[in-house]
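Trainee: Could you take me through one part of this model up close? I'd like to see how two helices meet and what the aromatic rings around there are doing.

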Amino acid sequence: MREEPRRIGDRLEATLRIPDLDARGIAVISHPHPQQGGTLDNKVAQTLAKTFAALGYVGVRFNFRGVGDSAGRWTGGIAEVADLDAAIAEARTIAPGLPLALAGFSFGAVTSLRWIAGGGRADAVALAGVPLRSVAFQPEDLPPVPDGTFIVAAELDQFGTAAELRAAYPRARIVEVRGVDHFFGAKRNEVGVIMADQIATDLRIH
């Protein structure tokens, strides 16, 4: 596999992780909170891209506006949905006609849900660290979580434990990772592999 830098709309910094063989699909990966150090180089995002490529899918990581070499300023999660939409549109030009998946961690998970709530459609979705509480520990204003959404949740997540997520979204598919908090610690690679493997499974079923 190889990695290639890319500009999206001459505005967003991105990178592609490309499999050695012909791609079977493409996955767009959204990073954690830009105001809390989240970038496309987040370890979960990196593991996702590598695992996707190993499974035969192009992994697209990008920086939201104002992060790294991406133009623009933070808007509190509003215009960032347009960034994700631009990345998805770019992915469709890279792999026209192939299945498209979304993977998001924390803020990236929320942004993915907002994109879906706005009418966006992907062939498979996997999220991690969906926060029920903000960094100020106030209730998070989350968009709807569609039935069957696959979510990886930490047992000790300070922003919403796996048990709390199960109670809030009983019709989601929630996998619990034991003994870690929101950031998944030493299990970050495990989380990326779980998400990528589930997306590959869902795309085969699709």
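Mentor: Let's start with a cut-off: an angle of 65 to 115 degrees between axes counts as roughly perpendicular. Keep in mind that this is a predicted model. Now look at helix 2 (residues 80-94) and helix 3 (residues 107-117): they pack at an angle of about 80°, and their axes are 9 Å apart. That angle falls in the range, so helix 2 and helix 3 are roughly perpendicular to each other. On the helix 2 side, the contact is made by Glu80, Val81, Leu84, Asp85, Ile88 and Arg92, while helix 3 brings Phe107, Thr111, Ser112, Arg114 and Trp115. Sort the residues of this contact by type and you get 5 nonpolar, 2 polar and 4 charged.

Hang on to Phe107, because its ring pairs with the ring of Trp74: the centres are 5.5 Å apart and the planes sit at 55°, so we call the pair tilted. Trp74 is in the loop between strand 4 (57-62) and helix 2, whereas Phe107 is in helix 3, so the pair ties together parts that are 33 residues apart in sequence. How buried or exposed are the two partners? Trp74 has a relative accessible area of 31%, so it counts as partly exposed. Phe107 has just 7%, so it counts as buried. You can also zoom out a little: Phe62, Phe64, Trp74 and Phe107 form one aromatic cluster. Across the whole structure, a search finds 5 aromatic pairs.

Definitions and conventions. Residues are numbered from 1 along each chain as its sequence is written. This is a predicted model: local features need pLDDT of at least 70, side-chain atom pairs count only at pLDDT 80 or more; totals for chains, interfaces and linings use all residues. Side-chain values use heavy atoms; hydrogens and water are left out. Axes are lines fitted to C-alpha atoms, for helices over the stretch in contact, and angles run from 0 to 180 degrees between N-to-C directions. Helices (H or I, at least four residues) and strands (E, at least two) are DSSP runs, numbered from the N terminus. Angles under 35 degrees count as roughly parallel, over 145 as roughly antiparallel, 65 to 115 as roughly perpendicular and the rest as oblique. Contact means heavy atoms within 4.5 Å. Ala, Val, Leu, Ile, Met, Phe, Trp, Tyr, Cys and Pro count as nonpolar, Asp, Glu, Lys and Arg as charged, and the others, Gly among them, as polar. Rings of Phe, Tyr and Trp (its six-membered ring) pair if their centres lie within 6.5 Å; planes under 30 degrees apart count as stacked, over 60 as edge-to-face and the rest as tilted. Buried means under 20% relative accessible area, exposed over 50%, partly exposed in between (1.4 Å probe, protein chains only).
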